[in-house]
Protein chains: 2
Amino acid sequence: MKVLVIGGSGFIGSHVVDRLLAHGHSVRVFDRQPERFRPPLPQVEYRYGEFADRMALVEALSGADTVFHLLSTTVPSTADLDPATDVRDNLVGTINLLDSMQRLGLYRILFLSSGGTVYGIPDTLPIPEAHALRPINSYGIVKATIEHYLEMYRRVRGFSPVIIRGSNPFGPRQTHSGVQGVISTFLRRVLERQPLEIWGDGSVVRDYLEVGDLAELCVCAATSDKEGAYNAGSGHGLSINQVVEAIRNVTDLDFKVVYKPGRPVDVPRSVLDCSRAKNDFAWECKTEFESALRSTWDWLKKHS
Amino acid sequence: MKVLVIGGSGFIGSHVVDRLLAHGHSVRVFDRQPERFRPPLPQVEYRYGEFADRMALVEALSGADTVFHLLSTTVPSTADLDPATDVRDNLVGTINLLDSMQRLGLYRILFLSSGGTVYGIPDTLPIPEAHALRPINSYGIVKATIEHYLEMYRRVRGFSPVIIRGSNPFGPRQTHSGVQGVISTFLRRVLERQPLEIWGDGSVVRDYLEVGDLAELCVCAATSDKEGAYNAGSGHGLSINQVVEAIRNVTDLDFKVVYKPGRPVDVPRSVLDCSRAKNDFAWECKTEFESALRSTWDWLKKHS
């Protein structure tokens, strides 16, 4: 495949690029800036520009046969502060991307959605892909809305979209700005000898997935002829308190935990049913949680 | 109530204004232009402006205690032509409206959604409100997305939204431009001695609701303390071919019918389960279909 990876300099994007290269694909990256933690890779062609710059995007699209759309200008914890901007940047930006792709005769797209937010408060656990999309925060609303447009463009414009609903990915190269990725944020604070801050009583359950496993599924799905949505998670839930305990084990450091009031947009429990990806691609999460936590911790100590 | 009716000059809006006045409420209308078929009503205060003009909207909001948001700059048949504009005008416009309301301390809003498009292809008929939202055209996607934001604003910002998912409303004062409202469009063409054009084989089933009944439900719901979504339909499905037969009976005129290829964004069957509105408001569709068709026909003959 000749792949354009939009958002290829980001945390997940950089791992997707690695897996694409490992599978022998030709890779071009479109992103605002270079990767933060690695020099540019010699095998990759980089184009830097804003997602809103349609002409720059059209140039980057030219010659590709498959598009990976991994870019988001927001994260769950910031999107709610300004939903109008979230919609303009990410939803309108994605519709413009699809319209540009159509003009270039380019119809295959992998979209990275959010298994942790599109379902809202689930009726059943683990959550299958057929579960209703009832997001309760702006990040999840925009992701779900993009999914609806992808389905519409499939029906009426001949697109072939495959959607990966990632759970909570973590691993090396996750930024640790404190707004995205509870594991990276916590590890960073442990390293800086600061207390960990938890929204609520620590009972919130999430499905944590090593980022390399997520990247592998993205490549499997995009190179298949399958369409539609696939959950990508470990299939196992861990509470925030369990994550904190695992961090104690792995880091072997002592730290304080501060509990803050819960947030009404936090889904209490989210664990994904990933049997569709297993059936269609023989994919499953391979990396054991504590082992992934250890490699993340080792990486962070070297890059802090 | 002191109500601001956004979109109060439109087809549905004009009937909502009538019902609000009949129930003794104070009414201000915000719309782009005056009503098309009636002179301004002396009891109503009119403010003309663009939905995108936030300052004009803020001025119109001042002093109101309840907002009716009935405005859409698109209709189902046109929205798909330019989804990015549909999102910018209607979704971003509505988020801006909510943000302005919050700054004014105004939290009660009635939103007119679309029972015919937000559910997509239904799993069950008639469709209850709890059915998943899986819209397959841009009009429905934007309506569903606005519903998600209303729920988010209810959870985190103290809003009190009530949502009416109207089926296919028809009646006097519906514009007959040929893009909205199959009944008005058909009646207009019969009057002009033109053939009726049907997408598909005429088997598409819809739930038709007399516009006065819809307007009555809007007023009942907004004056209650209820929140959440209510279907508004007749609860009965009619195929396009049945509608055509009813038009033959009512108009007593002969006309041709031309069948054109079906459209992939048309939901095959849509009939709403309206028991929630019946239980909570003792509301149900009162006007019998053929009688409503006759009054629409009589009105159209006078206003063509």
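**Tour: from the rotation axis to helix α8(B)**

Start by selecting A132(A): of the residues of chain A, A132(A) comes closest to the rotation axis, with its C-alpha at 2.5 Å. Keep in mind that this is a predicted model.

Next, superpose the chains. A turn of 180° and a shift of 0.0 Å along the axis lay chain A on chain B, with an RMSD of 0.0 Å. That is how a two-fold axis relates two copies. Both copies use the same surface: 100% of the contact residues of chain A recur in chain B.

Now show the interface. Here 25 residues of chain A are in contact with 25 residues of chain B. On the chain A side, select α4 (83-103) and α5 (138-157), the elements that give two or more residues each. The most come from α5(A), with nine residues. Colour this side of chain A by residue class: 16 are nonpolar, five polar and four charged.

Move to chain B and select helix α8, residues 240-251. Its twelve residues reach 16 Å from the first C-alpha to the last, close to the 16 Å expected at 1.5 Å a residue.

Which residues of α8(B) are buried? Pick I240(B), V243(B), I247(B) and V250(B). Look down the axis of α8(B): the buried residues fall within an arc of 80°, so they line one face of the helix. Residues three or four places apart point the same way because an α-helix has 3.6 residues a turn.

Add the cover over these buried residues, which includes α6 (182-191), β8 (196-199), β12 (238-239) and α10 (289-302) of chain B.

Last stop: D252(B), which follows α8(B) and has a positive phi, near 55°.

Methods: Residues are numbered from 1 along each chain as its sequence is written. Chains are lettered from A and ligands numbered from 1 in the order in which they are written. This is a predicted model: local features need pLDDT of at least 70, side-chain atom pairs count only at pLDDT 80 or more; totals for chains, interfaces and linings use all residues. Two residues are in contact if their C-beta atoms, placed from the backbone, lie within 7 Å. Helices (H or I, at least four residues) and strands (E, at least two) are DSSP runs, numbered from the N terminus. Ala, Val, Leu, Ile, Met, Phe, Trp, Tyr, Cys and Pro count as nonpolar, Asp, Glu, Lys and Arg as charged, and the others, Gly among them, as polar. Copies are superposed by least squares on the C-alpha atoms of residues with pLDDT of at least 70 in both. The expected span of a helix is 1.5 Å times one less than its number of residues. A residue is buried if 20 or more other C-beta atoms lie within 10 Å of its own, exposed if 12 or fewer, and partly exposed in between; C-beta atoms are placed from the backbone. The arc is that of the directions from the helix axis to the C-beta atoms.
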